[in-house]
Number of protein chains: 2
Amino acid sequence: MTRRQKASVPCANVALDAETRVTADHHQSLRVWLRMLACTNLIGNHVRQRLQAQFGTTLPRFDLMAQLERAPQGLKMGELTRRLMVTGGNVTGITDMLEEEGLVTRATDPQDQRASRVKLTEAGAQQFRRMAQEHERWVVELFDDLTEKQKSRLAELLAALKMSTAQRVGSSAGPRS
Amino acid sequence: MTRRQKASVPCANVALDAETRVTADHHQSLRVWLRMLACTNLIGNHVRQRLQAQFGTTLPRFDLMAQLERAPQGLKMGELTRRLMVTGGNVTGITDMLEEEGLVTRATDPQDQRASRVKLTEAGAQQFRRMAQEHERWVVELFDDLTEKQKSRLAELLAALKMSTAQRVGSSAGPRS
DNA sequence: TAAAATTACTTGACATCTAAAGTAAAACTG
DNA sequence: CAGTTTTACTTTAGATGTCAAGTAATTTTA
């Protein structure tokens with residue numbers, strides 16, 4: 001699979017140090033990954049529970065609607081798949097649900113009979129706006145201990161991590177079965 | 001209407017600034033949250049696909065085994081539920097699977113007939129050690145563009161975020177149905 | 001332009017996951 | 001110490017997720 005290019009150790013005379021450094025690096029990266037996962041779980045669980053309690057909806061539905069809200073002309077299924085970073089089958093299922101609930105519409109693209117364009121209905125847009133407002137409040141509240149500077153720095157570092165990661169996940173990156 | 005148009009400009013500016021600041025803060029927190037979610041999805045998808053391809057197993061199974069590996073005396077279901085930040089029913093299901101595969105054992109706690117203690121079998125421990133080694137390699141590789149300093153800072157900021165969040169998710173924090 | 005390959009999406013089988021209800025043992029209460 | 005409540009876990013129904021196979025339309029290719 002992925003050939004991990006063995007970066008030649010700069011100073012060969014410190015093999016032990018290199019080994020130690022590599023090990024420390026491993027633990028550092030793992031620590032960051034696990035900590036980030038914990039944060040994501042905490043926040044995600046909180047938001048999910050509130051969405052269910054206050055709006056009777058789910059996080060995946062909210063996420064899909066959020067994408068559509070930024071694209072008034074609608075999005076094709078493939079585009080949704082890419083943006084939500086989930087597989088196509090999944091997007092099909094969630095779109096089915098939202099369509100049944102009258103929150104989105106699916107219309108075959110006249111330019112390409114295979115594709116369909118998904119749009120928020122007026123009811124969907126209204127519901128989303130109400131939810132988005134609360135959603136923002138919840139997230140902001142959870143970040144309340146962090147200063148503006150800390151949030152800026154965190155945003156920067158996560159941008160760097162995202163680029164580092166996206167560059168390396170290659171073709172097996174997104175689940176786009 | 002015919003009132004003196006005295007709307008003190010300084011005051012208005014202050015109000016506007018305050019509003020602007022609040023709004024900016026909202027967007028900052030949201031930006032960080034969405035960026036973190038993107039990183040988590042990228043890394044999680046990558047790891048999941050590799051676990052499946054190279055070991056024929058899944059991320060939830062790996063995570064559960066990882067918890068057991070650090071607790072040679074075993075863990076009770078409730079403890080696993082807490083550590084994995086998922087609901088009890090979920091842990092029951094995954095444990096069932098791992099038990100069928102002979103990777104873990106479930107033994108009723110003699111002190112408390114309701115509870116059961118879950119342990120890695122020798123086969124489970126062996127398989128986990130093999131997987132963990134690769135897992136570490138994958139994660140480290142994805143972080144490769146970040147310097148040690150950046151990773152340290154990221155770890156710090158995520159620790160702060162985790163505390164800020166954990167403090168506020170209160171009773172509805174973890175999914176411990 | 002007919003056949004092959006690709007693309008866009010859906011379907012089906014199955015693994016997670018939650019929320020809520022169910023079961024049984026332990027702890028608490030009057 | 002009987003009755004209630006709590007705790008630990010399981011079960012169930014339903015939503016979400018992957019992966020792989022299927023369908024149909026578009027594009028490529030020979």
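Student: Which residues are buried in α6(A)?

Tutor: This is a predicted model, and the reading below concerns its coordinates. In α6(A), the buried residues are Leu154(A), Leu157(A), Leu158(A), Leu161(A), Thr165(A) and Val169(A).

Student: Why do the buried residues line one face of the helix?

Tutor: The general idea comes from helical geometry. An α-helix has 3.6 residues a turn, so residues three or four places apart point the same way. In the present case, the buried residues of α6(A) fall within an arc of 105° when one looks down the helix axis, and they therefore line one face.

Student: Which exposed residues does the face of α6(A) turned away from its buried side carry?

Tutor: That face carries Glu148(A), Lys149(A) and Gln167(A), which are exposed.

Student: What span should α6 of chain A have, and how far apart are its end C-alpha atoms?

Tutor: Helix α6 of chain A comprises residues 148–169, which is 22 residues. At 1.5 Å a residue the helix should span 32 Å, and the end C-alpha atoms are 31 Å apart, which agrees. Just after α6(A), Gly170(A) adopts a positive phi of about 50°.

Student: What turn and what shift lay chain A on chain B?

Tutor: A turn of 180° with a shift of 0.0 Å along the axis lays chain A on chain B, with an RMSD of 0.0 Å. This is the relation of a two-fold axis. The residue of chain A that comes closest to the rotation axis is Leu154(A), its C-alpha lying at 3.3 Å. Leu154(A) is also one of the buried residues of α6(A).

Student: How should one read the contact between the two chains?

Tutor: The size of an interface is often given as the accessible area lost when the parts come together. Here one may instead count residues: chain A contributes 53 residues and chain B contributes 53 residues. On the side of chain A that touches chain B, α1, α5 (122–142) and α6 each supply at least two residues. The most come from α1(A), with 20 residues. By type, this side of chain A divides into 27 nonpolar, 13 polar and 13 charged residues. Because 98% of the interface residues of chain A are also interface residues in chain B, the copies meet through the same surface.

Student: Which residues come nearest to DNA strand C?

Tutor: Of the 27 residues around DNA strand C, the nearest are Gly78(A), Gly89(A), Pro60(B), Gly89(B) and Gln113(B). The element that gives the most to this surface is α4(B), with five residues. The surface near DNA strand C consists of seven nonpolar, 14 polar and six charged residues.

How values were computed:
Residues are numbered from 1 along each chain as its sequence is written. Chains are lettered from A and ligands numbered from 1 in the order in which they are written. This is a predicted model: local features need pLDDT of at least 70, side-chain atom pairs count only at pLDDT 80 or more; totals for chains, interfaces and linings use all residues. Helices (H or I, at least four residues) and strands (E, at least two) are DSSP runs, numbered from the N terminus. The expected span of a helix is 1.5 Å times one less than its number of residues. A residue is buried if 20 or more other C-beta atoms lie within 10 Å of its own, exposed if 12 or fewer, and partly exposed in between; C-beta atoms are placed from the backbone. The arc is that of the directions from the helix axis to the C-beta atoms. A residue is near a molecule or strand if its C-beta atom, placed from the backbone, lies within 6 Å of it. Ala, Val, Leu, Ile, Met, Phe, Trp, Tyr, Cys and Pro count as nonpolar, Asp, Glu, Lys and Arg as charged, and the others, Gly among them, as polar. Copies are superposed by least squares on the C-alpha atoms of residues with pLDDT of at least 70 in both. Two residues are in contact if their C-beta atoms, placed from the backbone, lie within 7 Å.
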